[in-house]
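Work through the exercises below with the sequence and the model at hand. Try each task before reading its solution.

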Amino acid sequence: SVCSVLVHSGCLSYWKDLYEAVNEATALGIGGVFILCENTVLDLAGLDSFIPIKIETENTVIQCGLGGTRSNNCTIRGGATQFEINGGSTGIKFRGLTMSGSSVAAVNAAGLRSARATFTDCAFTEHKGLAAIINYDGAVATGKVVSRDVESDVPPPVDRSMNVEVEFCHFENNNVAYAPVTNLGGSVEVSDSRFLNNSGESGGVGVWFGGGASIVNSCFTGNVGTKSGSSYFA
């Protein structure tokens with residue numbers, strides 16, 4: 001069996017170092033806990049050859065500081081897609097990260113139906129592509145103009161998409177094509193989270209292609225959408 005191990009000593013202050021550490025662990029077939037240094041901004045400008053970071057192994061954790069909380073101030077800014085999840089791995093966790101300003105998505109959750117990723121105490125701000133998080137077992141459009149109409153732009157997923165859990169997260173000022181949390185045929189659980197001043201086809205959570213969603217103890221304020229300002233289920 002594969003267990004999670006700390007594969008990098010100390011904390012990481014640069015995107016390229018995080019990229020290489022995750023790739024090294026993936027090549028060894030192991031997961032790990034990758035800790036970003038507190039009060040760090042990882043700016044992806046000019047780093048196109050190092051994005052996205054692809055997460056493909058069990059028990060991969062990327063977190064801000066030792067405690068993995070947003071108050072530790074770790075910001076990832078810019079780029080097209082910042083992270084991409086592939087394969088059927090579970091135990092994938094993002095803890096305490098602020099992800100901002102992507103042109104496609106902060107996270108492309110493209111794993112198989114058995115895969116699971118959890119986002120805890122993360123913030124998603126000022127994304128301007130398809131979504132902040134897109135859950136889709138298929139190839140997302142990155143080079144064409146998209147409309148605010150998922151079913152015109154995107155074919156149904158190849159298989160059921162993966163499982164995504166969002167807890168204690170904050171989505172603010174995202175102007176995206178589909179929804180800040182876009183679920184295309186997978187499963188999404190949202191709890192104890194806030195959606196503020198977002199826009200898209202849905203201004204909060206959007207679910208298409210027979211996907212499932214659970215939304216509890218969450219607040220939607222000032223969001224606008226061509227189909228719904230808060231949550232939309234096709």
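The exercises cover the sheet, the nonpolar cores and the cysteines.

This is a predicted model, in which local features need pLDDT of at least 70 and side-chain atom pairs count only at pLDDT 80 or more, while totals for chains, interfaces and linings use all residues. Residues are numbered from 1 along each chain as its sequence is written, and side-chain values use heavy atoms, with hydrogens and water left out.

**Exercise 1.** State in what order the strands of the open sheet run, and which strands stand at the edges.

Solution. Strands (E, at least two residues) and helices (H or I, at least four) are DSSP runs, numbered from the N terminus. Two strands pair if DSSP finds at least two bridges between them. The open sheet holds 7 strands with parallel pairing, in the order E1-E4-E7-E10-E13-E16-E20. E1 (32–36) and E20 (212–216) each have a single partner strand, so one side of each lacks a neighbour in the sheet. Within the sheet, E13 (residues 163–167) and E16 (residues 187–191) pair in the parallel sense over 5 bridges. In this pair, Val 166 stands opposite Val 190.

**Exercise 2.** Find which residues of the largest nonpolar core touch the most other members.

Solution. A nonpolar core is a set of buried Ala, Val, Leu, Ile, Met, Phe, Trp, Tyr and Cys residues joined through side-chain atoms within 4.5 Å. Buried means under 20% relative accessible area, exposed over 50%, and partly exposed in between (1.4 Å probe, protein chains only). The largest core has 47 residues, and those touching the most other members are Trp 15, Leu 18, Phe 83, Phe 94, Met 99, Phe 119 and Phe 124. Helix H1 gives the most to this core, with 6 residues. Apart from this core lies another, of 14 residues, including Ile 134 and Trp 208.

**Exercise 3.** Determine which cysteines form the 2 disulfides, and why Cys 122 has no bond to Cys 169.

Solution. A disulfide is a pair of cysteine sulfur atoms within 2.5 Å. First, take Cys 11 and Cys 37: their sulfur atoms are 2.0 Å apart, and they form a disulfide. The torsion about this S-S bond is about 95°, so the disulfide is right-handed. Cys 11 is partly exposed at 41% relative accessibility, whereas Cys 37 is buried at 10%. Next, Cys 64 and Cys 74 form a disulfide, also with sulfur atoms 2.0 Å apart. Both Cys 64 and Cys 74 are buried. Finally, the sulfur of Cys 122 is 4.7 Å from that of Cys 169, its closest cysteine sulfur, which is too far for a bond. Cys 122 is buried at 0% relative accessible area, and Cys 169 is buried at 3% relative accessibility.
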